[in-house]
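Let's look at where the empty space lies and how each label is earned. Questions are welcome.

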Amino acid sequence: MERKLAGAHLTIDLGALQENYRLLRDLAAPAECAASVKANAYGLGIERVGPALYKAGCRRFFVALPSEGITLRRLLPKAKINILHGLLPETESAYLEYGLDPVLNSLEDIRTWSVFAKECGQKLHALLHLDTGMTRLGMLEPDIRKLAADPSMLAGLEIDYVMSHLACADTPGHPLNRQQLEKLRRFRALLPAPLDTAPVSFANSAGIFLGPDYHFDMVRPGIALFGGNPRAAGPNPMKEAVRLRARILQVQDVDSQFHVGYGATFRTEKSTRIASVSVGYADGYFRALGNKAECAIRDIKVPVIGRVSMDIITIDVSKVPREDCKAGDFVDLIGGAVPLDDVAAHAGTIPYEILTALGSRYYREYLEGPG
Ligand SMILES: *Cc1c(COP(=O)(O)O)cnc(C)c1O
């Protein structure tokens, strides 16, 4: 799409992403640093994000689905690709064809992958997922004990890592973090040899910041790579990787007592200059941001007033010099004076949801990093 034909521009800074990768890798070293790039690299575009991370040294990638794995395989012929959702029915041959290694989440997954290994007469790689506190995916204690009682279930399988996932890592003081860590150690000791000493992966972005006890042998950050704060509170140590700007369509000067937007949820109380901006909930600019969020023009913060429409928001630009907000000028919606984490907070959600909801009408621009 041509730049001038779009109402809003999304800029993804691949250099910042690579710097974030290196920061996380150095924090977690000597553990390997993989990358979680499910959902089209958190909405930022796997075609560019995958190769940029590979260039920065990342050699292992996690995605949710085999379809995502196949897309990534075409981009990165040599990377390790792990599929978090395990084995979907009748997908084994696709995993083999594209070199995708499943995360085995259940005894059923183990059985299926082992039977397939026998059928194709070769060792098959996988990760083994233990559920230590999410109650979402992975094996609970009774199944771990069943596996321990019958290690032949693992015939034909090469388990590269035993993994688990933290529920509350963004809250360092949460007691569940320690409890999950202790459970992981105990579950691992229950596993049949040699799995009781197999390499372990535990930490997502936030888990890396819980300290070395949580790093084990491999970490798998996602959101922090993309500039989201890996901690629920406190300053964000990551570099900003995403900026969103949208064009002003029209500027109107009105007096007191004018209604703004659908539902007339805002009414001016004095003379006000209002700019209408070309972005809306159809672009992933959440409707919940109406009367809540702020944007910025040359670092001057301006509030969103009235409801977010499908394609338009209205902002109060009374305090911005007239020459800086004319039709055709740009307003910062995410990035710079408007941190991603603040936008998420104003929408009552988390940066993950803001990024994965970014729409398809933006002109997307990728800034290349030095490598
Ligand atoms: C998404 C995901 C990650 C990455 O989490 P972030 O919080 O984005 O760092 C790691 N592990 C698993 C199992 C995941 O589903």
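Q: Which helices each supply at least two residues of the lining of the largest pocket?
A: They are α2 (38-42), α9 (205-208) and α11 (351-356). Helices here are DSSP runs of H or I with at least four residues, numbered from the N terminus. This is a predicted model, where local features need pLDDT of at least 70, side-chain atom pairs need 80 or more, and totals for linings use all residues. Residues are numbered from 1 along each chain, and side-chain values use heavy atoms, without hydrogens or water.

Q: What makes a residue part of the lining of a pocket?
A: A lining residue has an atom within 4 Å of a pocket point; the points lie on a 1 Å grid over the protein atoms alone, where a 1.4 Å probe fits, and a pocket is an open set of them with protein on both sides within 12 Å along at least five of seven lines. The largest pocket is lined by 34 residues, with His165, Asn204, Ile223, Ile350 and Tyr352 nearest its centre.

Q: Why is the contact between His165 and the ligand called polar?
A: A polar side-chain atom of His165 lies 3.4 Å from a nitrogen atom of the ligand. A polar contact is a pair of N or O atoms within 3.5 Å, so this pair counts.

Q: What makes Gly222 and Ile223 polar contacts of the ligand?
A: A polar backbone atom of Gly222 is 2.8 Å from a ligand oxygen. For Ile223, a backbone N or O atom lies 2.8 Å from an oxygen atom of the ligand. Both pairs therefore meet the polar-contact cut-off.

Technical notes. A polar contact is a pair of N or O atoms within 3.5 Å; within protein, one must be able to donate a hydrogen and the other to accept it, and residues adjacent in sequence count only if both atoms are side-chain atoms.
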